[in-house]
Amino acid sequence: MEAAIINFISFTFFLSFFFLVHTQWKKKAKSSGKLPPGPWKLPIIGNLLHLSGSLPAHRLLSDLAKRYGSSSGLMHLQIGEIPAVIVSSREMAKEFLRTHDLAFASRPELTATKVLFYNCWEVAFSPYGDLWRQMRKICVTELLNAKIVRSFSSIRNDEIHRLLAHIRSSLGRPLNMSQRIALFMSSLTCRSALGRVFTGREELVELLEEMSSLVGSFEFADVFPSWKLLHSVCGNKNRMLKIHRKVDPIIENIIKEHEKKLESGELGGDDEGEDIIGVLVKLERNGGHQLPITHEVIKGVFLDIFAAGTETSSTTIVWALSEMMKNPRVFSKAQAEVREAFRGKEKLEEEDMEELLYLKSVVKETLRCHPPVPLLIPRECREETVVCGYTIPVKARVLVNVFAIGRDPRYWEDPESFIPERFENSSIDFMGNNFEYLPFGSGRRICPGLAFGFTNSLSPLAHLLYHFDWMLPPGITVDTFDMTETAGISVGRKTDLVLIPATPIK
Ligand code: HEM
């Protein structure tokens, strides 16, 4: 009898809780205008069921948008308490990233970005505002403009020669190219952006993969922000904190070293030729900025550059190599171009890379088929905005599916095939003006490292094709070669790329 009473009370309590939450959810979900169409939803969880499954998010959202989105390329999803809008057409991408760029120039503050990226006091995940503007300007003027990127060519050459030496020591044997290229790229980013390679770099590269998957994964607190009582029991926050505790001391060390150098006078008074952390440490000391550059901000910016610079560019090289292995015709044509352009030379000069029109098209086609950040970094709506007759509510999350747009048969002939020739004699570029092709995004939040990223991908590829022939490991053929993708904010290969290098017959 007692048990029955307890059951009854628990059941009544559960029902009241359910109705309370449901009523609140209905109130919150109300928008002042018409939302874009979307799939059917359930009370409380909204469309969460539609987002489960094994497909990576960009593919899943691409399929959902085809079935439930508007013909103009917009779809609304209710993700728990959060409205989200998925943009899947060239025309709508232009509306969100150009016409209404300012309204969508913010980023949502997510648990993962707050825990892992120093409370979002950095550039990539920072909400739109003075701090973002100030730090982005410093990064662009001190590190990422075209002149500075060109000046890194000797560091790039040096790192490429180390990579080539390692490959030469592994001739005829299977070599894990995913790992090698990730290490090469992290060295290159460190030496260009931070002055030198630091202790803990290899560990940080490994941690980055986990961070990327956490930033791109479902987090209870971000979807049900008002259910505060459950935040500590549901979700990945503890895992994030654990990673942060490993990452933080590595970065702290780098900053301390720069501070010591500043004290001993090794960081000169003139900023020219100095690395970005040196510049930031000096600005921290000197003050005088609209917003103070704190220790935490320096750490956040360091992580941005290390993460953005390393993962995206190495992913691009690995996908380009994978596609060329899968398409021997493209491989042979690109290799013939490189060998012809540099015939008889031991050293490939960066200025000569300009001539490699076909290889450039290979990289562009790779970025179309495998954009490393296929949903861009999520945007957040800053003010209610009407787009194409639909009302986008304040705080709605906006995901631009550049993967879906890059494979849309309305803009691309035979979109599933890897055909670099489509970029030959074409005016389409990746500067954010051609909305059918947005591997670096567009508008105020466009990737500031696009020139650095493109050059860092093109130059190593030219060397790999010039100096070696490449074979698939025994038992793997062009048809069985795996091209499955991972899930995460940046999308690489699910399995590592393993290839056998051989010296070319001269
Ligand atoms: C192939 C290489 C790269 C690709 C495909 C890529 C792609 C992207 C994309 C899609 C975004 C989001 C843009 C948006 O929301 O509209 C982004 C942002 C960003 N990228 Fe890159 N990126 C690459 C290389 C780099 C490099 C080398 C750096 C720096 C060293 C860098 C630094 C950043 C930063 C700081 C942001 C945030 C910008 C902001 O929110 O204002 N990226 N990148």
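The following paragraphs describe aromatic contacts, a metal site, a helix packing and a buried residue in a predicted model.

Aromatic pairs were considered first. A pair of aromatic rings is described by the distance of the centres and the angle of the planes. By the pairing rule applied here, the count comes to 15 aromatic pairs. One of them is formed by Phe96 and Phe104, whose ring centres lie 4.5 Å from each other and whose planes stand at 35°, an arrangement that is classed as tilted. Phe96 is buried, and Phe104 is buried as well. A tilted pair is also formed by Phe430 and Phe454, with 4.9 Å from centre to centre and 40° between the planes. This pair links distant parts of the chain, since Phe430 belongs to the loop between α17 (402-406) and α18 (450-467), whereas Phe454 belongs to helix α18, 24 residues apart from Phe430. Phe430 counts as buried because its relative accessibility is 10%, and the limit for this class is under 20%. Phe454 likewise counts as buried, because its relative accessibility is 11%.

Aromatic residues also take part in other arrangements. Phe220, Phe224 and Trp227 together form one aromatic cluster. In the case of Trp412, the partner is a charged side chain, for Arg368 lies over the face of this ring, at 5.4 Å from the ring centre.

The ligand of the model contains an iron atom, and the protein supplies a single donor to this iron, namely the SG atom of Cys447, which is 2.3 Å away. Cys447 is located in the loop between α17 and α18, the loop to which Phe430 of the tilted pair also belongs.

Helix α18, which holds Phe454, packs with helix α8 (residues 177-194) at an angle of about 130°, and the axes of the two helices are 12 Å apart. Helix α8 is therefore described as oblique to α18, because the angle falls neither between 65 and 115 degrees nor over 145 degrees. The crossing of α8 and α18 is right-handed.

A further residue considered was Ile298, which is found in helix α14 (residues 295-326). Ile298 counts as buried because its relative accessibility is 0%. Between the C-alpha atoms of Ile298 and Leu77 the separation is 36 Å, while along the chain these two residues are 221 residues apart.

Definitions and conventions:
Residues are numbered from 1 along each chain as its sequence is written. This is a predicted model: local features need pLDDT of at least 70, side-chain atom pairs count only at pLDDT 80 or more; totals for chains, interfaces and linings use all residues. Side-chain values use heavy atoms; hydrogens and water are left out. Rings of Phe, Tyr and Trp (its six-membered ring) pair if their centres lie within 6.5 Å; planes under 30 degrees apart count as stacked, over 60 as edge-to-face and the rest as tilted. Buried means under 20% relative accessible area, exposed over 50%, partly exposed in between (1.4 Å probe, protein chains only). Helices (H or I, at least four residues) and strands (E, at least two) are DSSP runs, numbered from the N terminus. A charge sits over a ring if NZ of Lys or CZ of Arg is within 6 Å of the ring centre and within 35 degrees of the ring normal. Donors are N, O and S atoms within 2.8 Å of the metal (3.2 Å for Na, K and Ca); water is not among the atoms, so sites may look incomplete. Axes are lines fitted to C-alpha atoms, for helices over the stretch in contact, and angles run from 0 to 180 degrees between N-to-C directions. Angles under 35 degrees count as roughly parallel, over 145 as roughly antiparallel, 65 to 115 as roughly perpendicular and the rest as oblique. A crossing is left-handed if the near helix is turned anticlockwise from the far one by less than a right angle, and right-handed if clockwise.
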